Amino acid sequence: MKKVMILALVTFGVVQAIAQKIKESEVPQVVKSAFRKAYPNAKGLKWDKEEAGFEASFDQNKNDMSVVLDKMGIVKEVETEIAKDKLPKAILETLKKDFADHDIEETAMIVANGVTTYEVEVEKGKKSWDLIFDSAGKLLENTQ
């Protein structure tokens, strides 16, 4: 199970790297309709084409969010930016212990395939990268 989750996260990272911006007119109607039904109050909507479907980036209720939908309009992943203090306590403890000399730039909660993970973008000097944690604070991926 751990290997499957890590593989899914790595695959997601690769898919994200090859995403390309597209106009809303290039998004299939079924995808746009499913998105609007699920997120009727989305503001500042921008679309990216991905290998597995489409990513909508937007603001909802003052939260930066992104949603990945497949070509049939089924939501595959939801990422919501969260405040650092909203991370699970175990993650905050790991950051304090193992990354005390790093600046935290952004934090997000990701729900994909019923699994919740947390992304923390850290910076040290001029270099930044992402850390992916499970809800128990275990570091699953370090993109450094």
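In this predicted model, a good place to start is the hairpin of S7 and S8, where two residues sit between the strands and Gly125 adopts a positive phi near 65 degrees. The two strands of that hairpin run antiparallel and are joined by eight bridges. Along the way, Val120 faces Leu131 of S8 across the pair.

One hairpin back, things look like this. Strand S6 (residues 103–112) pairs with strand S7 (residues 115–124), again in the antiparallel sense, over nine bridges. Here, too, two residues lie between the strands, and Asn113 is the one with a positive phi, near 55 degrees. Right by the turn, Ala112 has Val115 of S7 as its bridge partner, and Val111 stands opposite Thr116 in S7.

Stepping back, these hairpins belong to an open sheet of nine strands, ordered S1-S2-S3-S4-S5-S6-S7-S8-S9 and paired antiparallel. The edges are taken by strand S1 (20–22) and strand S9 (139–142); each has a single partner strand, so one side of each is left without a neighbour in the sheet. From one strand to the next, the twist averages 25 degrees.

Two helices can be placed against this sheet. Helix H2 (residues 29–38) packs on it and touches strand S2 (43–50), strand S3 (53–60) and strand S4 (63–69), with its direction at about 140 degrees to that of S2. Helix H3 (residues 89–98), for its part, lies across S6, S7 and strand S8 (127–134), and runs at about 140 degrees to S8.

What about the nonpolar cores? The largest has 15 residues, and Phe35, Tyr39, Trp47 and Phe58 are the ones with the most contacts inside it. H2, S2, S3 and S4 each supply at least two residues of this core, and those are the elements already met where H2 packs on the sheet. Phe58 gives a feel for the surroundings: leaving aside neighbours within four places in sequence, Phe58 is in contact with a list of residues that includes Phe35, Tyr39, Ala42, Leu45, Met65 and Val67. Polar and charged names turn up in that list as well, among them Lys43, Asn63, Asp64 and Ser66.

A second core, separate from the one around Phe58, has 11 residues, including Ile91, Tyr118, Val120 and Val122. Val120 is a familiar name by now, being the residue of S7 that stands opposite Leu131 in S8.

Terms used:
Residues numbered from 1 in each chain as written. Predicted model: local features only at pLDDT ≥ 70, side-chain atom pairs only at ≥ 80, totals over all residues. Heavy atoms only, no water. Pairing = 2+ DSSP bridges. Helix = DSSP H or I, 4+ residues; strand = E, 2+ residues; numbered from the N terminus. Axes fitted to C-alpha atoms, helices over the stretch in contact; angles between N-to-C directions. Contact = heavy atoms within 4.5 Å. Core = buried A, V, L, I, M, F, W, Y, C linked by side-chain atoms within 4.5 Å. Buried < 20%, exposed > 50% of the residue type's maximum accessible area, 1.4 Å probe, protein only.
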